[in-house]
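Hi everyone, thanks for coming. I'd like to walk you through a structure that may be new to you, so settle in and have a look at the screen.

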Amino acid sequence: MTSFLFAAAIFVLVMEALGLVRILRGPADADRILSVQLIGSGGVAVLLLLSAATQTPAIMDVALMLALLATFVSVAFLRDVRHSDEPTNT
Amino acid sequence: MKFAIDIFTVVMVSSGVVFFMAGTVGLLRFPDTLTRLHALTKVDNLGLGLIVFGLLPQAQGLLGALKLLSIWVLVQLSGAIVSQLIAQATQRSGRQT
Amino acid sequence: MTYDVLFDLGLAGVLIAIAAGAIFARGSFVSLVLFMVYGLLLAIVWVRLSAVDVALTETAIGGGVTGMLLLGAASRLRATKGSAVKAGFPARLAAGALCILVSIALGIVVYALPEVPPTLAPIAKENLASSGLGNPVAGVLFVYRALDTLLEKVVLLLALAGVWSLAQDQAWGGMPGLRVYAKPNSILVFLAQVLPPVGITVGIYMFWAGANRPGGAFQGGTVLAAMWLLVMMARLREVPAIDTLWVRQLLVVGPAIFLLIGLLGFVFADSFLAYPPDHAKPLIVIAEAALTLSIGVTLALLVAGPPERMRQ
């Protein structure tokens with residue numbers, strides 16, 4: 001069971017790494033914030049799997065914090081969403 | 001009994017991870033921000049939800065199980081609202097280009 | 001290779017990739033998003049190193065607050081066209097060389113650690129029970145090294161004073177220029193009404209649980225700060241002017257109560273910041289409660305920035 005949970009966590013981590021590609025490619029800033037959402041949910045999943053794999057309930061508190069803070073950060077970044085035709089090299 | 005519980009966990013967590021994969025593939029391959037957003041909501045709802053259901057039998061006590069469920073509800077709720085905000089931002093910038 | 005080692009290797013690889021992306025990305029928005037994601041994933045590293053308290057703090061500060069601080073800095077740079085100035089090649093070469101040197105030094109130190117590193121952890125755990133606390137990190141923060149904790153909270157206030165000192169003379173005492181959403185947005189208002197009660201509950205739970213499980217005043221305070229910032233960004237409440245009385249009172253209540261408890265140690269126990277034998281835990285919890293409030297207000301005002309305009 002522990003090995004299986006770690007394997008599942010590895011899989012979710014790989015998915016998150018693939019989501020990073022969307023951050024780099026864009027093209028709109030809103031796409032990048034989408035990826036942050038994926039990484040937030042993926043991070044929560046990884047932490048919950050780790051909590052069950054290592055039988056450490058305290059890790060669920062980290063997942064709770066991550067859920068709250070990922071939302072907060074997405075809202076903060078959305079103040080700055082610019083139109084996709086504006087230059088982004090500033 | 002323990003064997004049946006373990007099988008349940010394996011099946012649920014695997015299905016959840018499959019939905020994670022589906023959402024990520026959608027994020028990478030769909031042509032437009034709004035379609036990618038639609039793919040991503042599957043991750044929050046079904047992906048995390050199935051993983052949480054699979055981990056419920058492994059949780060320690062009623063409090064642990066409640067915490068797992070409330071984390072899922074929180075991620076769903078905030079994910080849904082932030083998705084609406086992202087869609088609104090995309091529409092506004094689309095209208096002005 | 002067992003699955004947990006594979007997971008750690010994968011995690012390290014992803015983090016290095018994110019760091020490289022943040023450095024080489026074109027455009028400050030991409031770099032900021034990647035840096036923030038780096039902070040969020042670093043929390044998983046701390047969890048794998050069995051440092052759950054640090055993971056909680058990393059998520060809150062590294063993921064949330066630092067990201068917002070950098071966002072504010074980037075927007076000010078754009079406004080003043082400061083980002084048009086690029087760092088010269090010698091400067092970047094020196095920065096890169098310094099990073100490589102530090103990495104090599106860290107590698108040598110980690111490789112050269114003795115088999116059983118010298119540590120005070122067993123002695124600390126043994127004596128923890130007499131203070132009534134269950135969390136060894138809380139024990140270190142409030143019993144063994146309480147002076148450090150007190151000084152850290154004062155340093156936070158000094159940092160805030162430093163940020164405020166960046167204001168122009170005529171704006172002193174006014175309202176900080178936190179960038180808020182320009183138009184009131186019904187979806188955002190809904191979020192700012194639904195999420196803060198959850199966040200405040202989580203923040204209080206974090207502080208309360210810190211006595212016996214990972215958590216503490218700092219983590220709880222940071223969640224409270226994030227919720228208050230959310231309310232201000234959605235324009236449900238205005239950013240308060242920095243000379244408002246309740247703001248100043250909340251800022252100092254934490255360090256003041258902690259200092260008071262420390263001075264009472266002269267009277268009721270042996271020395272400064274010593275606790276009377278049976279009353280250690282209640283005193284520590286009172287100090288932590290006040291500190292949670294102060295840290296929340298301090299961090300939120302740090303992110304809000306220096307005052308920019310006077311009250312109307």
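Let me start with a word on vocabulary: helices here are DSSP runs of H or I with at least four residues, strands are runs of E with at least two, and both are numbered from the N terminus. And please keep in mind that this is a predicted model.

With that in hand, here is a place to point at. C:Arg235 sits in the loop that joins H9 to helix H10 (245-268) of chain C. Its phi is positive, about 65°, although C:Arg235 is not a glycine. For background, most residues other than glycine have a negative phi. Is C:Arg235 buried or exposed? Somewhere in between: C:Arg235 counts as partly exposed, because it has 17 C-beta neighbours inside 10 Å.

Now let's step back and take in chain C as a whole. Chain C holds eleven helices and two strands. Reading from the N terminus, the order of its elements is α-α-α-α-α-α-α-β-α-α-α-α-β. Its C-alpha trace spans about 60 × 60 × 40 Å along the principal axes. Of the 312 residues in chain C, 36% count as buried. If we take the contacts in chain C with a separation of 6 or more, 74% of them come from residues 24 or more positions apart.

The domain assignment splits out two parts of chain C: domain 1 (10-74) and domain 2 (126-312). Their centres, taken over C-alpha atoms, are separated by 23 Å. The two domains also touch, with eleven residues of domain 1 of chain C in contact with 14 residues of domain 2 of chain C. On the domain 1 side, seven of the residues are nonpolar, three polar and one charged.

Next, how does chain C meet its neighbours? Let's take chain A. Here 51 residues of chain C are in contact with 41 residues of chain A. Which helices of chain C supply at least two residues each to that side? They are helix H1 (3-24), H2, helix H3 (52-79), helix H8 (186-209) and helix H9 (217-233). By class, the chain C side of this contact divides into 34 nonpolar, twelve polar and five charged residues.

Chain B comes into the picture as well. Seven residues from chain C and seven residues from chain B make that contact. On the chain C side there are seven nonpolar residues, with no polar and no charged ones.

Let's zoom in on one helix pair between chains A and C. Two packed helices are described by the angle between their axes and the distance between the axes. For helix H3 (residues 58-78) of chain A and helix H2 (residues 28-48) of chain C, the angle is about 175° and the axes are 11 Å apart. Angles over 145 degrees count as roughly antiparallel, so H3(A) is roughly antiparallel to H2(C). Who meets whom? From H3(A) come A:Ile59, A:Val62, A:Leu66, A:Ala70, A:Val73 and A:Phe77, and they meet C:Val33, C:Met36, C:Leu40, C:Ala43 and C:Val47 of H2(C). By class, that makes eleven nonpolar residues, no polar and no charged.

Staying with H2(C), this helix has 21 residues and reaches 30 Å from its first C-alpha to its last, close to the 30 Å expected at 1.5 Å a residue. H2(C) is mostly covered, with 17 of its 21 residues buried. Just after H2(C) comes C:Ser50, with a positive phi of about 65°.

Chain A has its own H2, so let's look there too. Helix H2 (residues 29-54) of chain A has 26 residues, which should span 38 Å at 1.5 Å a residue, and its end C-alpha atoms are 37 Å apart, which agrees. H2(A) is mostly covered as well, with 25 of its 26 residues buried. H2(A) is followed by A:Gln55, which lies in the loop between H2 and H3 of chain A. Phi of A:Gln55 is positive, near 55°, in a residue other than glycine. A:Gln55 is exposed, because it has 11 other C-beta atoms within 10 Å and a count of 12 or fewer is called exposed.

One last stop, back in chain C. C:Ala87 is in the loop between H3 and helix H4 (89-111). C:Ala87 is exposed, with 9 other C-beta atoms within 10 Å. How far apart are C:Ala87 and C:Arg48? In sequence it is 39 residues, and in space 37 Å, C-alpha to C-alpha.

Thanks for listening!

Key
Residues numbered from 1 in each chain as written. Chains lettered and ligands numbered in written order. Predicted model: local features only at pLDDT ≥ 70, side-chain atom pairs only at ≥ 80, totals over all residues. Axes fitted to C-alpha atoms, helices over the stretch in contact; angles between N-to-C directions. Parallel < 35°, antiparallel > 145°, perpendicular 65-115°, else oblique. Nonpolar A, V, L, I, M, F, W, Y, C, P; charged D, E, K, R; others polar. Buried ≥ 20, exposed ≤ 12 C-beta atoms within 10 Å, placed from the backbone. Expected span 1.5 Å × (residues − 1). Domains from an automatic or database assignment.
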